Structures are given as C-alpha cells and as structure tokens.
Amino acid sequence: MNQHHTPGGDGADELFERLAAEMAADGGAAVVDLDKARDQRRPHIPAPATDGDDDGPSVYVDQAAPKGDALADRWASARASKRRPIIPAWAKSKDELAAGARWLGSHIAHTAGYHAVRSPLYGAKLLGRAPRGTVRLVGGAYRWVTDAEAKPLRAAAVRAEDVGQYLILARRRDARVRARGAIVLLASLLGVAFTAVLLVATPGWTALAVATALAMALGAAGGQADQPLIDRAVVATKVQRLTSDIVVRALGAMGIAEVNKALAKGGQGITFPAPITRDGPGWRADVDLPYGVTAIDIIERRDRLASGLRRPLGCVWPEPVHDQHAGRLMLWVGDQDMSQTKPPAWPLAKGGTTSLFKPLPFGTDQRGRTVDMTLMFANVLIGAMPRFGKTFALRVLMLAAALDPTAELHVWELKGTGDLEDAAKVAADYGSGPDDETIEGAVNSLRYVHKELERRSKVIRTLPKERRPENKVTPELSADRSLGLHPLVLIIDECQELYSHSEYGKEAGELSEAIIKRGPAMGVILMLATQRPDVKSLPGGVSANVGIRFCLRVMGQTENDMVLGTSAYKNGLRATTFTANDKGIGYLVGAATDPQIVRSFYIDGPAAGRIMDRARAARIAAGTLSGVAAGETPQREQSTSGILDDLLNIWPASEPKVWSETLVAALAALDPAHYDGWEADQLSSALKPHGIDTVQIGRRIDGKVVNKRGVELAAIRDAVTRRDDKRSA
C-alpha cells in the first residue's frame, strides 16, 4: 500500500489513525506507547514518605549505574588489581639461581660418573654385538648393490605381464648394479690400501684404536631397540601437573557442605583469581573458595586435601592469604615431600663472619628458598615436642650469633646432654645441666643482663642527641667498644627447667619479661627454647612479648598458641598438623611480614664444633674473647635477697612507708660499691623478684602534699619471712 500525504500535522494524524485501525482489525498486533513501556521497565522510586505510617513501596537498592561511571569502575578495578611480576621471582633470586646451577652441576657430574664407571660394560656389550652388526652391514651392502629395493616393482610387472614396464625396470636395474658395483670395488681397494698403510706406516696403537672404533661402530649397528646399550643414570619421577580440574576435584572430595553446593548443578563453582603457575620445585594455585568457606577450613583438612590431590602430605601446603579476604587460599604443591628433600648446607658453614644487625640465614621454606632472620632488636622463642629439632634450630641461631666477633654470649643448656657444649669455646658464661647449681647460675646471668640494661640505658641517655637519633643501640654505637653497647645474647635451652623451679622460677620469669621488653633497644637478645610450652613452664609475660617465634610439631592448641601467640591456631597457624616425619619443620612468625613454614638448617655436632673454632679465632683476632672462653670468672649478678636485709638496716625508725629515692640514697651510703648510682626504678626492679611492689606515698611538705613512689616496711618484713621459711625448708 502506497499512501500519499502532506507533511502537515492533520495528514500525519489521519495516517496514524488509519494504521491503528487496520492493525486493530487484524487482531494480532497492538500499538505500543514506547515512553510508557520504558517507564514501566525502570524500577519505581517513590517520593519520601510524609508520615511514619506509610513506608511506601519497596525501593531497589542497586540502581543501574550511569553510563559515565563505567570508565570509573574499570579504572577503580584496575587500580585494585594485583600486577604479576614481569620477571619471575625465581629469576631474580640469587639463591634460587645458585640452587638451580648447583643441581644442574651435580646432575651432570652424577651422570658422567655413572657412565664412566660402566664404560667397560658398555664396551663389552658393543664387542658382543659386533658380529650382528657385521652381518647387517654386509647384508645391507649386498641389497644396495643388487638393487633389492626395486625387486617388488619388477615382480609386479611380471605378474601383470607388462613387458614394456619390465624391460624399463630391468635396464635401470642393470645400470644401478654396474654403478654401485664399481663404487663397492673402489671402496674395497681403498680400504685394503688404507689397512696396509695403517699396519706398516703407523704405530701399533693406531691400528688398535681404528680396529676398536670399527668394532664399536659394528656393535652399535648390531643393537636392538628393546636392549639399550646405556643404562639410565637418573630415573625421572613423573610428577603430575597441577591443574584447576585436579584442585576442584580435591576440594570436592573433602566433605565440606558449602564446597559441594558450589560444585553441584546450578552452583557458583570455584574460581581461580590467577593462573596456576610453576613456583620453585612445585606448583602454586590461588583459589577463591565458595562463599562461607575459609582457608582455615581447608587447612584443618590438609590430610584430606592431600588425598584428593593424590600427593604425599609433605607436598601439600595450603596457606591463608592474610592481605586478602578469608576465602582466599594459596595452595602450594611440591614435587617432593618437604621432609624427604636433601637439606642444603648452611651458607655460613664453610666460612665468613656475621653481624647481628644484618639478616642471618636460618632455614629454607617449602620452595627451597633461604629464610633469613634479623636477631637485633628482637627476642626468640622456640617450642616443640621432644625430638623434633628444637635444639638444632636454636643451635643455628647460636652459631650465627657466635660468628659476630662483637657479640657477648651467655649460654645455658639445662637438659644436661651437652647439645650446646661447643658454646664454651666463645661464651662469656656457660652452663649445662638441670641441677640447682646450674639453674642458679642461669638466674645470676639473668640478673647480670638485667643490671646491664640499667647501665646501657644510662650510657645512651648521656650521649649527644646526634649520636642516638632513635635512642637505641645502632651499629655505630655498638662498634664503639668504649661504650660497652656491643650485642649481648642470652640463650637458655630447656627453659621450662628454669621457669618451673620452685625457688628461682618466679624471679627468672620476671627478669626475663623485663629483658624481653626493654632489651631489644639496648642491644640485648634473649633466646629461649622449650619442649614443654605450657602455662607453668613458660610464663605468660614471656610468651606474650617475644617478637620472633618458631613452633615445630606440638600436640595441642594450647601449646601451639603459647609459642606462636594468642589466636594463632584460630588463624590457621597450626603446628599440630606436622607429622612424625616433619622434623625441623615449623611455623616461623615475626621474622617476616607474613608467617612462614620453614625447615631450619641442619648442623650436626662435629660441624658445630668446627664453626665454633672459627668463631673463637675471629674473637681472638678482634680481642673480644672473654669470660669462660678466656678462662676468666664469668660476670654474674648475685642474688638480690641481701637487699632486704640492707633495707631493714637503713630503715628510718617509726616510718611504715618511705620514698624510694630516700631509700636509694641511704643504701648508697651503706654500700657505695654495690648501690652507688642506683635510682628509684632500679630499686623497684630489684624488689620485684621478691613480690614487692612500690606504692604511692604522700607527704606534706611546706603545706603541700607531694606524692612519690615508695616501699612499705610490712612488705619488706613479709618477704624476709618467706625467704627464711624457704631456707629452713
């Protein structure tokens, strides 16, 4: 239908009405008001209600974003995204490159040595196969000269009775036989001539060498495909490539309801925010778990995950990603069980010295990368069940400290087996054994170190501000031997014997807590190791304030959190998941930003002795050998129990409470050699081991009330009574 209408408005309206009528008459279509339809598709946003009785209809929370925001959304997403490194981490790591080069070198050396030892056998095999090779060579030459390869074509021409084709093939065969026969004849003549010259004009060994080479060549020609000449020097273990399908299958086999829902038909599935990549000697997979499933849920079932992946338990290491959401899992699957890999040598085992201000090699992670630890400005706590590598881990740190010629070591091994006996070669003080005398010596060392804190703090306060910008020991201050601010390291193995002692335990705990809190800034480092990390054996003030913690296998959550810190078990750091094979492997917390699974370097007794000899020589050269190692009486601070009697001697008559500064002045007058220079806070520290706390005491001076810290006479007398009762017992 071709309708003509004027461009006027009446004509347009008339045409529209006619079309509407015709479409309505057809009954199969309707005119749609497009503006009205668009309004109906948009979510309705009502006007704000004017009274509290009518909330109005529902409002859509997520509105369609304006088109202009799409670019902003993409920009925000791009800024929040994590860029993958251009150069892989292993290619930038000297340790990994060196480890790879060492492996390649050892692989080549092993292969060469393996075949060199078996070379006579290979020669015998070749000689045994030479006759077969000779037959094959002669037979092949005969078939080549007689044009045996064309024989089937000639036979086919005969069967087809194709005379012309046969004559052509026969002529070509005759030509080939004449040419090839001439070549063989010439080669034979040359071979005879060469042999004659070889036998007459050259030494005998030359002919023997040529004959041997010919025999070997014939032997190689006589080989068989199912009987290889050379054995395999290295039998490769086929390790299955980790894929997303394998990971999803393993997660689905763990029996977690939310994971099963996600993998069922209609579920949202499991996503991987980054491709699965090769990471050291294994594979790394970053996984976004289903909603409601956390990385901790997977870590709790590590054994089931390993079963689902069909890998040994020591190869499977799931970890939470602490800077992401709780459902982000980092799964690393190694090629070989971590406990079965050959431990690398300690980098400092053969030579070199250290500085406690710099990172020191402590162990390796699952990927074989070296894990360093900086001891200065930190304290260390190591805990584990017996026989799982606690003392070996402590020995690594002790040797690292010993290789710093400026460090002063005090070592106490309270098990009594002599595991750290080589420390006597360099230590200013050393003792071994669980007896009361050794434990008293350890307490005296704690007292000495605690008193040293007071001296060091006073030295630092008296220095010019430009020399102490951070009010703590620096490498420059430590190097100035006149200040006496060198690193001071106190090591106590089996510290539970000390802290659970009936007479010295409480004092040792309080002194240790004070050293842990104040020592790092003064250059004092306390290292503790225990095989019984419980409340009685490890004071709460000690375990709560240690900066670096290393926990090997333990049996329960309480022991786990005593070493690694409160809520460590809840946050997925579970040393309870280590097996009987995981000796020397533990969680390291505080040495880096994130917790690490680390295998400490293994150094046996003879190797430790050699390293200590080197450390002793370095100390002698530097002139820093002292104490027990130098044959001198070690510096120890004796018991402060005498201060109770001294306070009673100088106590002002009829005074129930006295200010600390008054008592300190009176003590200095009584015994200047011992108390001279004491301040109120030092008196408070000396009284704490006896259960005496200072109190606030008010005095009216010139009509005004002045409050200062002081001591009560009743507290002194009670402490003396308790002490005397213990001595009587």
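The following paragraphs lead through the structure from its overall composition to a sheet, its salt bridges and a surface patch.

This is a predicted model, in which local features need pLDDT of at least 70, side-chain atom pairs count only at pLDDT 80 or more, and totals for chains, interfaces and linings use all residues. Residues are numbered from 1 along each chain as its sequence is written, and side-chain values use heavy atoms, with hydrogens and water left out.

The protein contains 26 helices and 17 strands; these elements are DSSP runs numbered from the N terminus, with helices (H or I) of at least four residues and strands (E) of at least two. Of its 729 residues, 39% are buried, where buried means under 20% relative accessible area, exposed means over 50%, and partly exposed lies in between (1.4 Å probe, protein chains only). The accessible surface comes to about 40,900 Å², and 56% of this surface belongs to carbon and sulfur atoms; areas are obtained by the Shrake-Rupley method with a 1.4 Å probe, and for residues only the protein chains shown count as cover. Among contacts (heavy atoms within 4.5 Å) between residues at least 6 apart in sequence, 67% join residues at least 24 apart.

One open sheet consists of four strands in the order 1-2-4-3, with antiparallel pairing; two strands count as paired if DSSP finds at least two bridges between them. Strand 1 (277-278) and strand 3 (316-320) are the edge strands, each with a single partner, so one side of each has no neighbour in the sheet. Strand 2 (residues 282-288) and strand 4 (residues 328-334) run antiparallel and are joined by seven bridges. R284 has W332 in strand 4 as its bridge partner. Helix 13 (residues 302-309) lies across strand 3 and strand 4, at about 125° to strand 3; the axes are lines fitted to C-alpha atoms, for helices over the stretch in contact, and angles run from 0 to 180 degrees between N-to-C directions.

R284 also takes part in a salt bridge with D286, the closest N and O atoms being 3.1 Å apart. A salt bridge here is a side-chain nitrogen of Lys or Arg within 4 Å of a carboxyl oxygen of Asp or Glu, and the structure holds 31 of them. D286 counts as buried because its relative accessibility is 11%, whereas R284, at 26%, is partly exposed.

Other salt bridges connect separate parts of the chain. K415 and E494 form one, with the closest N and O atoms 3.9 Å apart. K415 lies in the loop between strand 8 (408-413) and strand 9 (429-432), and E494 in the loop between strand 10 (488-493) and helix 17 (496-499), 79 residues apart. E494 is buried at 1% relative accessibility, while K415 is partly exposed at 29%. R518 and E454 meet in a further salt bridge (3.0 Å, N to O). R518 belongs to helix 18 (residues 505-518) and E454 to helix 15 (residues 436-462), so this pair ties together parts 64 residues apart in sequence. A network of salt bridges links D147, E149, R154, R176 and R180.

On the surface, V158, V163, Y166 and L167 form a nonpolar patch with about 360 Å² of accessible area together. Patches comprise residues with over 30% relative accessible area and no salt bridge, nonpolar side chains (Val, Leu, Ile, Met, Phe, Trp, Tyr) being joined within 5 Å and like charges within 9 Å. Helix 8 (residues 163-201) gives the most to this patch, with three residues. L167, located in helix 8, is partly exposed because its relative accessibility is 41%. Helix 25 (residues 680-687), by contrast, is mostly covered, with six of its eight residues buried.
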